[in-house]
Amino acid sequence: MSKQQWSAMTQVSPHASSRLEFCPATLPAAVYHDADWYARESATVFAQNWICVGRLVDFVPGTMRRVQVGAADVIVCRGEGSIAAYHNSCRHRGSELCRDAVQPMGKLIRCPYHAFAYAAVDGRLVATGHAVPTADFDRATHGLLAVASQVWAGFLFLNTAQAPGDLVADVDLAVLDHWPMQDLVTGHVWKAEIACNWKVFWENYSECLHCPGIHPELCDRVPIYGQGIMAASEALHWDGAQPAGNLKPGAASWTPSGAACGPEFAGLTEAERAAGYHFVTFWPTAYVVAHVDHVRSVRIVPLGPLRTALVVEWHFSPETLAQPGFDAAEVAAFAKIVLGQDGDAAEMNQRGLMSPAYRGGTLMPEEYEIHRFHQWLTQEMEVTR
């Protein structure tokens with residue numbers, strides 16, 4: 001799918017109602033627990049889309065680090081001023097090259113099994129250890145299998161497809177250009193494992209019908225969520241008017257007190273400040289939430305048909321982190337409440353849809369983002385790149 005097609009499917013015009021004009025069926029219940037379906041997703045959706053693996057700055061120069069990209073075990077090789085990624089598999093007989101989570105790396109990547117050696121910078125085969133190939137062996141065709149890499153706003157994305165498409169989100173990638181994304185430092189990390197299919201978590205993220213009953217603290221901070229909608233354009237008789245801001249009066253950010261945790265980012269426009277937060281969504285892998293004082297990123301990592309891991313990071317300016325007595329974990333506490341509630345709701349949803357009586361459901365008009373997600377998912381599973 002091209003960037004233009006994806007954007008047309010996922011983006012909502014600010015001048016038109018976001019509500020669906022019909023009530024479409026959900027995905028069948030089996031796709032949330034069937035092992036074969038999950039295997040197909042791993043071979044398509046997660047193998048041919050850009051997967052966020054963290055902040056580039058966290059990949060230390062002079063090391064190679066293992067990351068999971070769908071079903072693929074990948075090593076990210078960070079040199080001085082260069083970065084490359086390869087499948088963690090020797091071209092000789094398939095042994096893993098990197099055995100630990102992170103290992104030191106020089107100019108060569110040497111297989112620990114038979115000592116085949118590859119250039120870290122481009123993956124070409126340099127040496128075959130004690131083996132002496134015959135004349136028919138072509139070294140040029142036995143280099144490491146590369147994985148495409150791309151950096152956006154300081155985040156590293158990998159793609160195992162043979163012909164990767166563009167990195168796209170639900171909004172224009174320039175939306176965070178006024179935030180100092182490259183300079184932000186990770187101040188707090190929180191990891192959680194949820195007993196649900198990865199799609200269940202994304203669906204919960206994509207609607208706010210559940211907000212009044214699940215998120216009292218969030219609905220107080222963002223009053224429109226208390227109406228069961230994510231934006232004014234979802235209201236039944238929306239007249240096209242947009243609210244001046246999303247946060248309740250007096251609040252500036254998603255911190256426990258609502259106050260900014262440090263200096264607000266200097267380059268933001270008045271409209272960006274008034275909005276209070278900006279979401280950027282990358283299916284199937286991550287979303288980023290930018291506030292006036294910090295940025296939060298959430299990575300969704302499938303562990304199996306019924307298990308999903310979340311890796312949540314809070315990113316701050318060096319000036320904010322340097323404040324006397326600053327506690328990044330305290331800043332993170334508010335969002336952790338919301339994420340914990342989302343996790344509980346997702347697990348509740350997963351248990352219910354496992355009932356033998358449940359075959360599928362029906363989406364409501366406010367669940368337009370879930371409908372787009374379902375359209376995107378089914379199309380991605382039919383595409384081979």
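**Figure 1. A hairpin built from β2 and β3.** Let's start with two neighbouring strands: β2 (residues 63–69) and β3 (residues 72–78) pair in the antiparallel sense, with 7 bridges between them. Keep in mind that this is a predicted model. Who faces whom here? Valine 67 has valine 74 of β3 as its bridge partner, and glutamine 68 is bridged to aspartate 73, again in β3. The hairpin leaves 2 residues between the strands, and glycine 70 takes a positive phi near 65° in this hairpin. If pairing is new to you, strands of a sheet pair through backbone hydrogen bonds, and they can do so in a parallel or an antiparallel way.

**Figure 2. β2 also pairs with β5.** Now look at β5 (residues 102–104), which pairs with β2 in the antiparallel sense over 3 bridges. Which residue of β5 stands opposite methionine 64? That would be glutamine 103.

**Figure 3. The seven-strand sheet.** Step back a little and you get an open sheet of 7 strands, with antiparallel pairing and the order β1-β10-β9-β4-β3-β2-β5. The edges belong to β1 and β5; each has a single partner strand, so one side of each is left without a neighbour in the sheet. From one strand to the next, the twist averages 30°. As a handy rule for reading a picture like this, side chains in a regular strand alternate between the two faces of the sheet.

**Figure 4. The stretch that UniProt labels as a Rieske domain.** An unreviewed UniProt entry places the feature "domain: Rieske" at residues 51–158. How much of this stretch, residues 51–158, is helix and how much is strand? The chain there is 0% helix and 45% strand, and its end C-alpha atoms are 5 Å apart. While you're here, find alanine 115, in the loop between β6 (108–110) and β7 (116–119). Alanine 115 has a phi near 70°, which is a positive value in a residue other than glycine.

**Figure 5. The five-strand sheet and the helix packed on it.** Here's another open sheet, this one with 5 strands in the order β11-β15-β14-β13-β12 and antiparallel pairing. β11 and β12 (278–282) stand at the edges with a single partner strand each, so each has one side left without a neighbour in the sheet. The twist averages 15° from one strand to the next. Helix α8 (residues 328–353) packs on this sheet, touching β11, β13 (286–290), β14 and β15, and its direction makes about 20° with that of β11. Zoom in on the pair β11 and β15: these strands run antiparallel and are joined by 9 bridges. One spot to look for is lysine 191, which stands opposite valine 311 in β15.

**Figure 6. A cis peptide bond between β12 and β13.** What kind of peptide bond joins tryptophan 283 and proline 284? The bond is cis, with omega about 0°. Proline 284 sits in the loop between β12 and β13.

**Figure 7. The second largest pocket.** Rolling a probe the size of a water molecule over the atoms shows where empty space is left. The second largest pocket has a volume of about 490 Å³. It's lined by 23 residues, and the closest to its centre are Val67, Gln68, Arg299, Val301 and Val311. Several elements each supply at least two lining residues: α2 (35–43), β1 (51–55), β2, β11 (185–194), β14 (295–304) and β15 (307–316). Which of them gives the most to the lining? That's β14, with 5 residues. Sorted by class, the lining of this pocket has 14 nonpolar, 4 polar and 5 charged residues.

**Figure 8. Two helices, α3 and α9, packed together.** Two packed helices are described by the angle between their axes and the distance between the axes. For α3 (residues 198–205) and α9 (residues 368–380), the angle is about 145° and the axes are 9 Å apart. On the α3 side you'll find Trp198, Lys199, Trp202 and Glu203, which meet Ile370, Phe373, His374 and Leu377 of α9. By class, this contact of α3 with α9 has 5 nonpolar, 1 polar and 2 charged residues.

Key. Residues numbered from 1 in each chain as written. Predicted model: local features only at pLDDT ≥ 70, side-chain atom pairs only at ≥ 80, totals over all residues. Heavy atoms only, no water. Axes fitted to C-alpha atoms, helices over the stretch in contact; angles between N-to-C directions. Helix = DSSP H or I, 4+ residues; strand = E, 2+ residues; numbered from the N terminus. Contact = heavy atoms within 4.5 Å. Nonpolar A, V, L, I, M, F, W, Y, C, P; charged D, E, K, R; others polar. Pairing = 2+ DSSP bridges. UniProt positions renumbered as here; feature names shortened; annotations may be inferred. 1 Å grid on protein atoms, 1.4 Å probe; cavity = no way out; pocket = protein on both sides within 12 Å on 5 of 7 lines; lining within 4 Å. Points joined across faces, edges and corners; volume = space filled by probe spheres on them.
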